[in-house]
Amino acid sequence: SRFRASVTWRVAVREGGDPFWEHAMIVTIDGPAGTGKSSVAREVARRLGCEFLDTGAMYRAVALEAVRRGTDLEDARALAFVARHCRMAFDWTGDPPELMLNDEAVGRLLRGAEVTRAASKVAVVGAIREQLVEHQARIGREHGRIVTEGRDQGTVVFPEADFKFWLDATAGERARRRAHQLRSRGEIVDAGEILREIIERDARDADRAIAPMKPASDAVRIDTTEMSEARVVEAIVAAASGGGGR
């Protein structure tokens with residue numbers, strides 16, 4: 001059912017015992033790295049009274065564990081082994097929800113350059129994607145009202161989502177944003193190297209055999225190159241609040 005201005009919702013039971021939400025709504029926000037998906041999705045979720053699901057953090061958590069174990073990032077089977085032995089859950093009491101990896105809060109550790117590079121390797125392993133897609137879909141079923149961001153949320157994980165958005169920006173602008181983010185954390189960065197990594201990751205994500213990065217056919221596309229985060233949030237909230245989804 002559609003979002004009807006009120007953000008209140010109640011749990012009921014379908015025939016067969018499965019839960020559903022009277023005002024259930026799933027909003028997907030997909031796109032390549034550096035388009036502002038996470039921060040936009042977090043604010044949209046707050047505005048719409050939904051949970052925020054950061055799927056990128058899940059891939060980064062596997063990457064963090066792989067780095068900690070010294071795993072060969074070119075060995076897909078070894079990476080899949082790491083993923084299978086990760087205990088991963090969100091603490092939904094936080095804002096934003098904190099990702100717990102093996103009972104450790106790791107959110108602060110997931111955005112560094114080393115983990116980011118490792119995550120690009122993790123994300124193309126089919127066995128890992130299958131595992132995390134199942135986990136993400138389960139979260140959607142359990143919570144009912146979520147705003148989720150990633151690269152395949154509207155195409156693979158939630159193809160029947162109520163509202164789908166695809167954020168994009170030029171590679172140069174995305175590299176600039178990423179460099180600014182890393183510098184704000186005190187890291188020394190090479191802007192040219194970041195741009196090269198973004199271009200390579202775009203190509204790798206678009207060409208992968210499983211869940212290639214592409215917009216859903218019914219997604220609303222938003223070019224964020226010259227848009228502030230606030231304007232992007234307003235556009236998505238207005239669309240989701242006013243109807244026009246699936």
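**Strand β6 and its neighbours**

Within strand β7, the residue that bridges to M100 is A105. This pairing belongs to a predicted model, and it offers a convenient way into the strands around β6. Strand β7 covers residues 104–105, while β6 spans residues 98–101. The two run antiparallel and are joined by two bridges. Together β6 and β7 make a hairpin with two residues between the strands, and here N102 adopts a positive phi near 50°.

M100 also has a partner in another strand: A89 has M100 as its bridge partner in β6. The pairing of strand β5, residues 88–91, with β6 is antiparallel and extends over four bridges. These strands, too, form a hairpin, with six residues lying between β5 and β6. M100 is thus bridged to A89 and to A105.

Which residues of β6 make up its covered face, and which its uncovered one? L99 and L101 form the covered face, whereas E98 and M100 lie on the uncovered face. The bridge partner of both A89 and A105 is therefore a residue of the uncovered face of β6.

Turning to the chain as a whole, the model contains nine helices and ten strands. The chain has 246 residues, of which 47% are classed as buried. For contacts between residues at least 6 apart in sequence, 72% link residues that are at least 24 apart. The exposed area of the chain comes to about 11900 Å², with 51% of that area supplied by carbon and sulfur atoms.

Note on methods
Residues are numbered from 1 along each chain as its sequence is written. This is a predicted model: local features need pLDDT of at least 70, side-chain atom pairs count only at pLDDT 80 or more; totals for chains, interfaces and linings use all residues. Side-chain values use heavy atoms; hydrogens and water are left out. Buried means under 20% relative accessible area, exposed over 50%, partly exposed in between (1.4 Å probe, protein chains only). Contact means heavy atoms within 4.5 Å. Accessible areas come from the Shrake-Rupley method with a 1.4 Å probe; for residues, only the protein chains shown count as cover. Two strands pair if DSSP finds at least two bridges between them.
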